[in-house]
Amino acid sequence: MLNWEALEQTCKSCQKCALADTRHNVVFGVGPRNAEVMLIGEGPGENEDLQGEPFVGRGGKLLDAMLELIDLSRQRNVYIGNIVKCRPPQNRDPLNTEQDACIGYLRNQVALIRPKIIVCLGRIAAMRLIKPDYKITKEHGQWVEKSGVWMTALYHPAAILRDPSKRPDTFVDLKELEKKIREVCTHTY
Ligand code: SF4
C-alpha cells in the first residue's frame with residue numbers, strides 16, 4: 001500500500017491503460033482524507049477531465065446540492081473518487097479492462113481513508129463495488145455490509161438530470177444515508 005503522496009504521484013503519471021492517451025488531467029479525488037463517508041462514481045466526464053476534480057459541472061452542482069440536504073460536503077466531511085481516474089472518450093462507460101487497470105488506486109485510497117460508509121453513484125460503480133449484477137433501478141438505497149463497511153448506491157447525478165422523476169427516490173435514499181451516518185459514524189456530524 002502506498003501513502004497518499006506516493007499514490008497521488010503514481011496516479012498522476014499513470015499510463016496503465018489507454019485512457020492515459022486522451023486525458024487532460026488525472027482526476028485523483030477530493031475531500032478530507034479522514035472522511036467516514038466515501039462517494040464513488042464511475043469516471044470523470046469532460047468538465048472533470050479539464051478541471052482535474054470529480055463531479056464538477058451540472059452533475060457536480062446537483063451532487064453538491066444533494067449532499068447539502070443532509071449536511072455533507074466535499075470541503076468538510078465526504079471524500080469523492082471514481083472507479084477510473086481518467087476520462088473515457090465521449091463519456092462512454094469505462095471498459096472492464098480499464099476498470100481492472102485502475103481499481104487498485106481506489107482500493108489504496110479506501111485502505112488509507114478506512115471509511116465506515118461507501119456510496120456508489122450510479123450503476124457502473126455499484127456493479128464494480130457491490131455486485132456484478134446490481135440493478136440500480138431496483139436496488140438503489142438498499143444497504144449491504146461488506147468487510148465492516150456499509151455500502152449503498154444512489155442514482156448518478158447525470159441520470160437524475162436526464163430523468164427528474166428519479167428525484168423523490170433519491171431524496172428518500174439521502175435521508176436513509178443520513179440515518180446510517182448517525183448510526184455508524186462518529187465525527188461526520
Ligand atoms: S484510468 Fe487509471 S489505470 Fe488508466 S491511465 Fe488513468 S490512472 Fe492509469
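These legends go with a set of close-up views of a predicted model.

**View 1. The ligand and the residues around it.** Here we zoom in on the ligand and its neighbours. Early in the chain, the shell includes Cys14, Lys16, Cys17, Leu19, Ala20 and Arg23. Further along, Lys85, Cys86, Ala101, Cys102 and Tyr105 complete the set that surrounds the ligand. Sort this shell by class and you get eight nonpolar residues and three charged ones, with no polar residues. As for where the ligand sits, the space it takes is the largest cavity.

**View 2. The cavity that holds the ligand.** Stay with the ligand site, but look now at the space itself, which is the largest cavity. The structure has one cavity of 30 Å³ or more, and about 100 Å³ of space lies in the largest cavity. Its lining is made up of 15 residues. Look for Cys14, Cys17, Cys86, Cys102 and Tyr105, which lie nearest the centre of the cavity. Helix α4 provides the largest share of this lining, at three residues. By class, the cavity lining comes out as 11 nonpolar, three charged and one polar.

**View 3. The largest pocket.** This close-up turns to the largest pocket, with a volume of about 740 Å³. A set of 32 residues lines this pocket, and the ones closest to its centre are Glu42, His156, Ala158, Ala159 and Arg162. Several helices chip in: α2 (46-51), α3 (57-69), α5 (123-129), α6 (136-139) and α7 (157-162) each give at least two residues to the lining. Helix α7 gives the most, with five residues. The lining of the largest pocket is a mix of 12 nonpolar, 11 polar and nine charged residues.

**View 4. The second largest pocket.** Next up is the second largest pocket, with about 260 Å³ of space. Part of its lining is Ile103, Leu106, Arg107, Val110 and Ala111, and you'll also find Pro115, Ile118 and Leu129 there. Lys146, Ser147, Val149 and Met151 line this pocket too. Helix α4 (96-113) and strand β5 (149-154) each supply at least two of the lining residues. The biggest giver is α4, with five residues. Of the residues lining the second largest pocket, nine are nonpolar, two are charged and one is polar.

**View 5. The two sides of helix α1.** Helix α1 covers residues 4-12, and its buried residues are Trp4, Leu7 and Cys11. Seen down the axis of α1, these buried residues fall within an arc of 65°, so they line one face of the helix. On the other side of α1, Glu5 and Gln9 are exposed. The spacing follows a general rule: an α-helix has 3.6 residues a turn, so residues three or four places apart point the same way.

**View 6. Two loop residues with a positive phi.** Most residues other than glycine have a negative phi. Asp71 isn't a glycine, yet it has a positive phi of about 60°. You'll find Asp71 in the loop between α3 and β2 (78-82). Asp71 counts as partly exposed, because its relative accessibility is 44%. Asn91 isn't a glycine either, and it has a positive phi of about 60°. Asn91 is in the loop between β2 and α4. With a relative accessibility of 44%, Asn91 counts as partly exposed.

**View 7. An exposed threonine in helix α6.** Thr137 lies in helix α6. Its relative accessibility is 56%, so Thr137 counts as exposed; the cut-off for that label is over 50%. If you want a landmark, try Met127, which is 10 residues from Thr137 along the chain. The C-alpha atoms of Thr137 and Met127 are separated by 13 Å.

**View 8. A buried glycine in helix α3.** Gly59 is part of helix α3. At 17% relative accessibility, Gly59 counts as buried, as the cut-off is under 20%. Gln90 is marked as a reference point, 31 residues from Gly59 in sequence. From C-alpha to C-alpha, Gly59 and Gln90 are 16 Å apart in space.

Technical notes: Residues numbered from 1 in each chain as written. Predicted model: local features only at pLDDT ≥ 70, side-chain atom pairs only at ≥ 80, totals over all residues. Heavy atoms only, no water. Near = heavy atom within 4 Å. 1 Å grid on protein atoms, 1.4 Å probe; cavity = no way out; pocket = protein on both sides within 12 Å on 5 of 7 lines; lining within 4 Å. Sits in = over half its atoms within 2 Å of the grid points. Nonpolar A, V, L, I, M, F, W, Y, C, P; charged D, E, K, R; others polar. Points joined across faces, edges and corners; volume = space filled by probe spheres on them. Helix = DSSP H or I, 4+ residues; strand = E, 2+ residues; numbered from the N terminus. Buried < 20%, exposed > 50% of the residue type's maximum accessible area, 1.4 Å probe, protein only. Arc of directions from axis to C-beta.
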